[in-house]
Amino acid sequence: MTGGIRLILDQIGHAWGDLTVLDGIALTAEPGEVMAIIGPSGCGKSTLLNIAGGLLSPSSGTVRIEGAIADDCLNPLTYIFQDFSLLPWRSAQANIELVLEDKLPKPVRADRVREVLALTGLTEFADAWPRELSGGMKQRVGIARALAVRPACLLMDEPLSALDAQTRDLLLDEFVTIIDRAQTTTIYVTPLLSGQ
Ligand SMILES: Nc1ncnc2c1ncn2[C@@H]1O[C@H](COP(=O)(O)OP(=O)(O)OP(=O)(O)O)[C@@H](O)[C@H]1O
Ligand SMILES: [Mg+2]
């Protein structure tokens with residue numbers, strides 16, 4: 001996997017209409033660093049993450065990426081979503097393969113899918129439909145799909161909050177191991193330190 005990039009948010013401000021949500025936010029996620037953004041509901045975490053990922057233009061300030069993006073990186077920035085966002089009519093492996101279509105030749109694609117399924121402990125569930133998977137397994141497909149593009153930076157918006165407390169704790173441990181192995185710059189949005 002890649003060594004990651006430096007993601008710099010410089011004096012970010014954002015207003016939704018009259019409501020100023022972010023003001024003068026500055027942060028730098030170093031290559032390979034895992035950074036958590038913690039705060040109560042409505043404080044602007046998703047707004048900030050969406051700005052970091054280029055999904056939303058800030059009212060003020062700039063987002064910069066520094067460092068070389070590895071040749072095998074298919075998408076510099078990628079997301080893991082709170083609600084998993086899997087296509088119900090595609091199997092686990094087909095959901096992952098979707099993000100690789102048009103980017104890799106078919107045999108290489110199959111190898112890559114196998115690799116991330118193994119990394120997330122889902123090899124035996126490659127052909128399972130999303131409805132046959134538990135919440136934790138669905139989110140592991142979400143992680144596998146995000147890692148399949150060998151991102152330089154991984155953005156996660158409360159990826160565990162839809163899960164029960166036990167699954168959350170288990171998956172949090174796995175998350176730490178997987179992200180550590182992938183050496184990807186990571187921003188993790190969470191309302192509480194426990195990973196909720
Ligand atoms: N598209 C939008 N239009 C108008 N206001 C918005 C929009 N998105 C967010 N807001 C407002 O901005 C504020 C911050 O929202 P945001 O979604 O960033 O919070 P959050 O910290 O991610 O909360 P949560 O933990 O509940 O997900 C809230 O007051 C919200 O109502
Ligand atoms: Mg949010």
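These exercises work through the sheets, a helix, the cysteines and an aromatic pair of one predicted model.

Residues are numbered from 1 along each chain as its sequence is written, and chains are lettered from A and ligands numbered from 1 in the order in which they are written. The model is predicted, so local features need pLDDT of at least 70, side-chain atom pairs count only at pLDDT 80 or more, and totals for chains, interfaces and linings use all residues; side-chain values use heavy atoms, with hydrogens and water left out.

**Exercise 1. The parallel sheet**

Task: State the strand order of the open sheet of 4 strands, and name its edge strands.

Solution:
- Strands (E, at least two residues) and helices (H or I, at least four) are DSSP runs, numbered from the N terminus.
- Two strands pair if DSSP finds at least two bridges between them.
- The order is E3-E7-E6-E5, and the pairing is parallel.
- E3 (34–38) and E5 (77–80) are the edge strands, as each pairs on one side only.
- From one strand to the next the twist averages 15°. Axes are lines fitted to C-alpha atoms, for helices over the stretch in contact, and angles run from 0 to 180 degrees between N-to-C directions.

**Exercise 2. Strand E6 and its neighbours**

Task: Which residues stand opposite those of E6, and is E6 covered or open?

Solution:
- E6 (residues 153–157) pairs with E5 in the parallel sense over 4 bridges.
- Across that pairing, Leu77 stands opposite Cys153, and Tyr79 stands opposite Leu155.
- E6 pairs with E7 over 5 bridges, again in the parallel sense. There, Leu155 stands opposite Ile187.
- Buried means under 20% relative accessible area, exposed over 50%, and partly exposed in between (1.4 Å probe, protein chains only).
- By this scale 5 of the 5 residues of E6 are buried, and the strand is mostly covered.
- In a regular strand the side chains alternate between the two faces of the sheet.
- Cys153, Leu155 and Asp157 take one side of E6, Leu154 and Met156 the other, and all are buried.

**Exercise 3. Helix H1**

Task: How many residues of H1 are buried, and which strands does H1 touch?

Solution:
- H1 spans residues 45–52; 6 of its 8 residues are buried, so the helix is largely enclosed by the rest of the structure.
- The buried residues are Lys45, Thr47, Leu48, Leu49, Ile51 and Ala52.
- Contact means heavy atoms within 4.5 Å.

Next, place H1 against the parallel sheet. E5 and E6 pair in that sheet over 4 bridges. H1 packs on the sheet and touches E3, E5, E6 and E7 (185–190), with its direction at about 155° to that of E6. Helix H4 (residues 135–148) also packs on the sheet, touching E5 and E6, and its direction makes about 175° with that of E5.

H1 also lies across E1, E2 and E4, running at about 130° to E1. Just after H1, Gly54 has a positive phi of about 80°.

**Exercise 4. The antiparallel sheet**

Task: Give the order of the open sheet of 3 strands.

Solution:
- The order is E2-E1-E4, with antiparallel pairing.
- The edge strands are E2 (19–29) and E4 (60–66), each paired on one side only.
- The twist averages 10° from one strand to the next.
- E1 (residues 6–16) and E2 pair over 7 bridges in the antiparallel sense. In this pairing, Ala15 stands opposite Thr20.

**Exercise 5. Thr186**

Task: Which backbone oxygen does the side chain of Thr186 reach?

Solution:
- Thr186 lies in strand E7.
- Thr186 is buried, at 0% relative accessibility.
- Its side chain reaches the backbone oxygen of Thr184 at 2.8 Å.
- Leaving out residues up to four places away in sequence, Thr186 touches Glu33, Val34, Met35, Leu154, Met156 and Ile179.

**Exercise 6. Cysteines**

Task: How many disulfides does a search of the whole structure find?

Solution:
- A disulfide is a pair of cysteine sulfur atoms within 2.5 Å.
- The search finds 0.
- For Cys43, the nearest cysteine sulfur is that of Cys153, 19 Å away.
- For Cys153, the closest cysteine sulfur is in Cys73, at 10 Å, too far for a bond.
- Cys43 is partly exposed at 34% relative accessibility, whereas Cys153 is buried at 0%.

**Exercise 7. The aromatic pair**

Task: Why is the pair of Tyr79 and Phe81 classed as it is?

Solution:
- Rings of Phe, Tyr and Trp (its six-membered ring) pair if their centres lie within 6.5 Å; planes under 30 degrees apart count as stacked, over 60 as edge-to-face and the rest as tilted.
- The count by this rule is 1 aromatic pair.
- The ring centres of Tyr79 and Phe81 are 5.6 Å apart and the planes are at 20°, so the pair is stacked.
- Tyr79 is buried at 12% relative accessibility, while Phe81 is partly exposed at 36%.

Conventions:
Polar contact = N/O pair within 3.5 Å; in protein donor to acceptor, adjacent residues only side chain to side chain.
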